[in-house]
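Here are some notes for a colleague who is opening this entry for the first time. They take up one helix and its surroundings, and then the internal cavities.

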Amino acid sequence: MCGIIGYVGPRDAESVVIDGLRRMEYRGYDSAGIAVVTDGQLALRKKSGKLSNLVAELEERPLPSSHTGVGHTRWATHGAPTDDNAHPHTGADGRVALVHNGIIENFAALRAELEADGVVFASETDSEVAAQLLGREVARGASLVEGMRVICNRLEGAFTLVAVDAQAPDRLVAARRNSPLVVGVGENETFVASDVAAFIEFTREAVEMGQDQIVEVTPSGYEVTDFDGNPGESKPFHVDWDLSAAEKGGYDWFMRKEIYEQPRAVADTLLGRLSDDGELVLDEIRISADDLRRVNKIIIVACGTAHYAGLVAKYAIEHWTRVACEVEIASEFRYRDPIITSESLVVTISQSGETADTLMAIRHARVQGARVIAICNTNGATIPRESDAVIYTHAGPEIGVASTKGFLTQVAACYLLGLYLAQVRGTKFGDEIAAVLDELNGMPAKIQQVLDNTQQVLDLAARLKDRTSMLFLGRHVGYPVALEGALKLKEISYLHAEGFPAGELKHGPIALVDDGIPVFVIVPPQGRDQLHDKVVSNIQEVRARGAKTVVLVEEGDHEVEPYSDEIIRLPKASTLLQPLLATVPLQLFACELATLLGHDVDQPRNLAKSVTVE
Ligand code: M6R
């Protein structure tokens, strides 16, 4: 989604803004732009396509030197990704420039009003409406902050706005409703951005903006108010990861680096969860044990990969707690009038904590009286802030658009939650919980073992790179793993890939199997899982119809050998924990195959890292 940065201070605004935009490229975008203020004038440059196009334009038509600037990477919603539709947009007299992230839902009515007032629009965007409204207020004599208040009270929808005024060269004004915004506080310099990554090089002191707030920033500080000008509360925090964590560290892609970070990420997620007497403690659960005992239904809501983590969680949570657990795609949730009561527990999973569909789903759930627990990777993001409790996954920044360590840590956090509920509700004995925790704590070393043996997966990607379609099959927790394997491949290689429950194959999908189609199959543990033999039969069914079978199976299982064209061995694990291992080769396979096809693995076409519009 769009990335925003604004800067005021002694440095060269252009280079701070361009570097900040570069660090937010992972969010996904299709045009970029910058505006700086110098000598009472605005200077703007905007280009469709990658940031390198804007940089080339700046080399050809340099901007004047300046200490105040705003920049934007746009992910198109209203209007194609053209130079004209790129941000910043200006008011009619060219005095103010504004950038926007979000969607202004009442833009058509506001545009009609402005056009009736003689305003001629330069773009097709909803965002220009905000720039034109602000320009009109400032032209009528309002200061930038006063103008911002007026327009925020007129806009409906989701917006982060940042504006500069050519006649107020040492300040920026920003506003936030439903889209992310943080302030970075440096020494005699201040930043505003969608993401701390944009300014982490200069300061790690940040301030989280609340909902419906405006901030006016100058080099010496910031002032927060609400949309009516009343003083607003804001929450300072220290960013505890550094720039190197957001850089590639020698890998070709962030995605590959993040795949290899998984042993540490999962270990960090599990760290410090046991009390001295061996009880599982989740400090962040601020819902009383009595309330958790009253829960009669668990509903997991999430999108994309996080939704698949939820599907894995369902098997574990129901098995350990005996409470019914539904898993919902967040964008569908509130529109089907779900049955939610004060005894429902909604668990929301989001790496970014900013996904609009998920946010709206939990708002709906809370209005109906449900308690909400968020599983999230981003400290202080909107979703955990609006939930009753949060379990943070400690994966560190995930930059690649295709989620990898996000998924594994979400699954690990869901296991923790399931075991915690089992402990509180007494559905498992303490020693049973301790045994699962013990196995869980051993998983990072096993994930490392998978990562130490990847040459086979890389070779396989090279052999299969010219295929146009692949299938992924699994049963029980292997089914969400199959879905995730297919999603990874689709997202970054643009190949047709589908995940199916292996038992469903004969009810339709087997018609897709033709000569030579690669079919990946996740096999449950042999001898300890009732589905093992059924999956082996499913492998035979597809192989008999010409499929090339790639079988992911634990060490020592020889039964699959006669039916496998390729065997990927996994360390032994219990059925419920196997997704932490089986997903890893599939992630790496997708990453390698997309690399061989020459795709931009970290920023696949049409996708954004954090989807902040519904
Ligand atoms: O930040 P979130 O976890 O809420 O994001 C949810 C999905 O948008 C995300 O998982 C998406 O499906 C990824 N591109 C998957 O790789």
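1. For the counts by class used below, Ala, Val, Leu, Ile, Met, Phe, Trp, Tyr, Cys and Pro are taken as nonpolar, Asp, Glu, Lys and Arg as charged, and the others, Gly among them, as polar. Please keep in mind that this is a predicted model.

2. With those classes in hand, the lining of the second largest cavity divides into five nonpolar, four polar and two charged residues. This cavity has a volume of about 40 Å³, and of the eleven residues that line it, the closest to its centre are Arg475, Gly478, Val523, Pro524 and Gln578.

3. The structure holds three cavities of 30 Å³ or more, and the largest has a volume of about 50 Å³. Its lining includes Cys2, His72, Arg74, Trp75, His100 and Asp126, and the elements that give two or more residues to this lining are strand 4 (68-74) and strand 6. By class, the lining of the largest cavity has two nonpolar, seven polar and two charged residues.

4. Strand 6 (96-104) also appears, together with helix 4 (127-139), in what covers the buried residues of helix 3. Those buried residues of helix 3 (residues 107-116) are Phe107, Leu110, Arg111 and Leu114. Seen down the helix axis, they fall within an arc of 100°, so they line one face of helix 3. An α-helix has 3.6 residues a turn, so residues three or four places apart point the same way.

5. On the face of helix 3 turned away from its buried side, the exposed residues are Ala108, Ala109 and Ala116. Helix 3 is followed by Gly118, which has a positive phi, near 95°.

Note on methods. Residues numbered from 1 in each chain as written. Predicted model: local features only at pLDDT ≥ 70, side-chain atom pairs only at ≥ 80, totals over all residues. Heavy atoms only, no water. Buried < 20%, exposed > 50% of the residue type's maximum accessible area, 1.4 Å probe, protein only. Helix = DSSP H or I, 4+ residues; strand = E, 2+ residues; numbered from the N terminus. Arc of directions from axis to C-beta. Contact = heavy atoms within 4.5 Å. 1 Å grid on protein atoms, 1.4 Å probe; cavity = no way out; pocket = protein on both sides within 12 Å on 5 of 7 lines; lining within 4 Å. Points joined across faces, edges and corners; volume = space filled by probe spheres on them.
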